[in-house]
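Reader: I am new to this structure and should be grateful for a close look at one part of it. Would you kindly take the salt bridges and explain what they join?

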Amino acid sequence: MFLEHRGEALPKGWRLVFLRETDSTNEEIKRRRNSDPGEGFVIVAGSQTAGRGRRGRSWESPEGNLFLSVRLQQSAQGVADSASLSFIAALALSDAFSSMAPSLDVTLKWPNDVLVSGAKVSGILLEADESWIIVGVGINVLHRPQVIPTNYPVTSLAEQGVSVSVLDVASFFCHALYSRLQQWRGEGFAPILRAWKAKACGLGGRVVANLPDGSSVCGIFSDLDADGALVLHNESGQHRIFAADIFFG
């Protein structure tokens with residue numbers, strides 16, 4: 001069963017389908033590539049039976065949280081688009097949370113985690129699908145996960161005192177994402193990166209970067225380069241890190 005929402009709740013031309021349950025909103029939107037083509041097609045699910053996070057991790061998907069995927073046009077830049085959109089999606093989420101509840105302490109943890117009061121409240125997964133990029137988002141609206149794969153603090157909007165419906169969160173996010181997409185397409189990645197760094201958690205402090213190959217690098221998180229790579233300095237020099245789990249201290 002699903003309900004379809006159109007109108008002011010979404011940016012002009014965007015469409016949203018709400019499903020009571022699906023395996024994964026990213027997979028659902030892939031299956032609908034021919035039935036509802038075009039940018040701005042949004043799937044929201046009440047729950048997922050096979051939700052996924054980064055690096056193939058499972059994503060707990062209980063009813064009451066937001067599970068959303070949106071289809072965006074991929075340019076000739078391909079992989080570069082995905083890297084930029086990861087930052088854009090996280091920045092848009094932070095914009096949405098700040099709009100919903102201006103008193104929230106919202107920061108960004110590289111590469112694309114959004115923190116509220118220092119605890120993770122959401123996850124983002126980008127996947128390519130032919131000429132499209134799918135931005136998948138999971139937000140802890142009512143519940144925080146019982147199993148924490150990275151041993152990092154987690155929270156929910158409800159735990160932070162924010163009472164809001166799942167579809168309202170979806171609306172805030174879609175409008176914020178649309179605004180940041182327009183900025184990126186009109187002005188390039190530089191203003192996105194500046195806004196992201198203004199909200200960056202741990203910038204200038206000591207971090208541990210756990211790399212995909214199982215090794216770790218420790219040092220000072222000194223900057224993000226023009227492509228969004230984390231720049232870390234230690235006694236052996238400068239390191240540009242493109243993928244890692246980051247821990248502070």
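Author: The account below treats the salt bridges, and then turns briefly to one sheet.

The model is a predicted one, in which local features need pLDDT of at least 70 and side-chain atom pairs count only at pLDDT 80 or more, while totals for chains, interfaces and linings use all residues. Residues are numbered from 1 along each chain as its sequence is written, and side-chain values use heavy atoms, with hydrogens and water left out.

Side chains of opposite charge can pair when their charged atoms come close. The term salt bridge is used here for a side-chain nitrogen of Lys or Arg within 4 Å of a carboxyl oxygen of Asp or Glu. By this criterion, the whole structure contains 15 salt bridges.

One of them joins Lys30 to Glu127, with 3.3 Å from N to O. Lys30 belongs to helix α1 (residues 25-31) and Glu127 to strand β8 (residues 122-129), so this pair ties together parts that are 97 residues apart in sequence. Helices (H or I, at least four residues) and strands (E, at least two) are DSSP runs, numbered from the N terminus. Lys30 is buried, at 15% relative accessibility, and Glu127 is buried at 18%. Here buried means under 20% relative accessible area, exposed over 50%, and partly exposed in between, with a 1.4 Å probe and protein chains only.

A further salt bridge links Glu130 and Arg33, whose closest N and O atoms are 4.0 Å apart. Glu130 lies in the loop between β8 and β9 (132-139), and Arg33 in the loop between α1 and β3 (41-45), so this pair, too, connects parts 97 residues apart in sequence. Glu130 is exposed, at 63% relative accessibility, whereas Arg33 is partly exposed, at 26%.

Asp113 and Lys120 form another salt bridge, their closest N and O atoms being 3.3 Å apart; both residues are buried. In addition, a network of salt bridges links Asp23, Glu28, Arg31 and Arg32.

As for the sheet, five strands form an open arrangement in the order β13-β12-β11-β10-β14, with antiparallel pairing. Two strands count as paired if DSSP finds at least two bridges between them. At the edges stand β13 (237-241) and β14 (245-248), each with a single partner strand, so one side of each is left without a neighbour in the sheet. Strand β10 (residues 206-210) runs antiparallel to β14 and is joined to that strand by four bridges. Asn210 has Asp245 in β14 as its bridge partner.
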